[in-house]
Amino acid sequence: MTTRHALITGGAGFIGSHLVDELLKRGFEVSVLDCLLPQVHGDAEMAEDGWPVYLDPRARRIKGNILDDGVFEASLDGITHLVHLAASVGVGQSMTNIADYTRNNTMATAVMLDVLSRCSHRVERIAVASSMSVYGEGEYWSPAAKTSLAPPLRSNEQLRRRSWELEGEGSGEALEPVPTREEKPLHPASIYAINKRDQEEMVLTVGRALDIPTTALRLFNVYGSRQALSNPYTGVAAIFISRLLNGEPPLVFEDGEQQRDFVHVKDVADAFATVLESDKRVWGAFNVGSGRSVSVNRIARTLARLLRKNIAPRVLDQYRVGDIRHCFADVSRIEKTYAFRPRREFEDGMEELISWVATARKPIDRSSRSMAELSQGRMVV
Ligand code: UD1
């Protein structure tokens, strides 16, 4: 078999480093292109060479920013499989750093695609990290109309009433959340989500034009070891752990009954590896979730229990601008196309996260600062 050599942009990060492990296990050569953003890596344990200690030493390391001239082109030497994970990922932060986010996410993708379409290379398969955020609200069922719906975001008027559940337009009936399918119309509700939708469409369009099979994976709420615990703009699990370890109650927006789909990072790495190894000539977007829904209150309770902290969450009864109420994945498309199925259960996955936390450096709780920034930018109401 000819050598398969994967380049992972953002490969030193949380998801990327797990994918490095998985691809090495499957016999790939692996290169990592990463600019080692301080907001992500600032508090992580770094080796003497300046890279995170958890990054497998067999991975070739290239420190650089895709936006800098020639960096991506030089990294492509010998590459057969490309995975684009590098991105700025804070949804709230994207609403106050709009130009930066659009540069790092949309523009960096454009630079990569320019290189792929103009230069000679051996890339035969591309995978890109998209996000459930492209959906906006998830999919709902209207019991009265007996049909599924893609409702818009809740209105300001409704949110001011502190009425959190989705209501049918005009009728006011309570809509029921159901698993979200890929064909649901996209209603991105933040700059980050718009960046991700653009990135998905750009990569799929150019991949098709170049006849390189290309897959966008719409990741749901990813959690697990190596999450950047001190980065207040990433996921709720990391934020809650950081609060609990610092003796503070998790701060819960709305009433805490909003539901998400928490997918373990090793399932996400498996999904990328499966797509890269497949010989299917496919161009499309696929959900990667656990297929199960969990409320934010349950996450707060589970984490407190696993960390042995007797701290109840503080329910704020406030709305974080850009938040959706419920979204969890229908995972049948990726199963049908690639025979991929997530394997990790929520409780087991959270235990893996917690046992890693015990070995990691104590996180600095920056959520008060990010909360102040969000309030200042009128992003919490
Ligand atoms: C968002 C993105 C998702 C991205 C993820 C991590 C959307 C729809 N989705 O998910 O693509 O992968 O961020 O960057 O934008 N919460 C609290 N207290 C906190 C923090 C969060 O109650 O301190 C609540 C939020 O209000 C939300 C839920 O927890 O209801 C999940 O929040 P978060 O982890 O930030 O992810 P999402 O917004 O679901």
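# A ligand and its shell

Visitor: Which helix gives the largest share of the shell around the ligand?
Guide: This is a predicted model. Three residues of the shell come from one helix, and that is the largest share. The helix is H8.

Visitor: Which strand supplies at least two residues of the shell around the ligand?
Guide: Helix H8, residues 236-245, supplies at least two residues of the shell. A strand at 251-252 also supplies at least two. That strand is E11.

Visitor: How many residues surround the ligand?
Guide: The closest are Ser 131, Val 236, Leu 251, Arg 260 and Asp 323. They belong to a larger set around the ligand. The full count is 20 residues.

Visitor: How many residues of the shell are nonpolar?
Guide: The shell divides into three kinds. Three residues are charged and five are polar. The nonpolar ones number twelve.

Visitor: Which residue has a polar backbone atom 3.1 Å from an oxygen atom of the ligand?
Guide: Two side chains also come into the picture. A polar side-chain atom of Asn 221 lies 3.0 Å from a ligand oxygen. For a polar side-chain atom of Gln 258, the distance to a ligand oxygen is 3.2 Å. The backbone atom, at 3.1 Å, belongs to Val 89.

Visitor: How much of the ligand's exposed area does the protein bury?
Guide: Start with the ligand taken alone. It then exposes 730 Å². The protein buries 92% of that.

Visitor: Are H8 and H10 parallel or oblique to each other?
Guide: H8 packs with helix H10, residues 296-306, with the axes 10 Å apart. H8 passes H10 in a right-handed crossing. The angle is about 45°. Angles under 35 degrees count as roughly parallel, so this pair is oblique.

Visitor: What is the angle between H1 and H9?
Guide: Helix H1 covers residues 14-25, and helix H9 covers residues 265-277. Their axes are 9 Å apart. H1 and H9 are oblique to each other. They pack at an angle of about 55°.

Definitions and conventions. Residues are numbered from 1 along each chain as its sequence is written. This is a predicted model: local features need pLDDT of at least 70, side-chain atom pairs count only at pLDDT 80 or more; totals for chains, interfaces and linings use all residues. Side-chain values use heavy atoms; hydrogens and water are left out. A residue is near a molecule or strand if one of its heavy atoms lies within 4 Å of it. A polar contact is a pair of N or O atoms within 3.5 Å; within protein, one must be able to donate a hydrogen and the other to accept it, and residues adjacent in sequence count only if both atoms are side-chain atoms. Accessible areas come from the Shrake-Rupley method with a 1.4 Å probe; for residues, only the protein chains shown count as cover. Helices (H or I, at least four residues) and strands (E, at least two) are DSSP runs, numbered from the N terminus. Ala, Val, Leu, Ile, Met, Phe, Trp, Tyr, Cys and Pro count as nonpolar, Asp, Glu, Lys and Arg as charged, and the others, Gly among them, as polar. Axes are lines fitted to C-alpha atoms, for helices over the stretch in contact, and angles run from 0 to 180 degrees between N-to-C directions. Angles under 35 degrees count as roughly parallel, over 145 as roughly antiparallel, 65 to 115 as roughly perpendicular and the rest as oblique. A crossing is left-handed if the near helix is turned anticlockwise from the far one by less than a right angle, and right-handed if clockwise.
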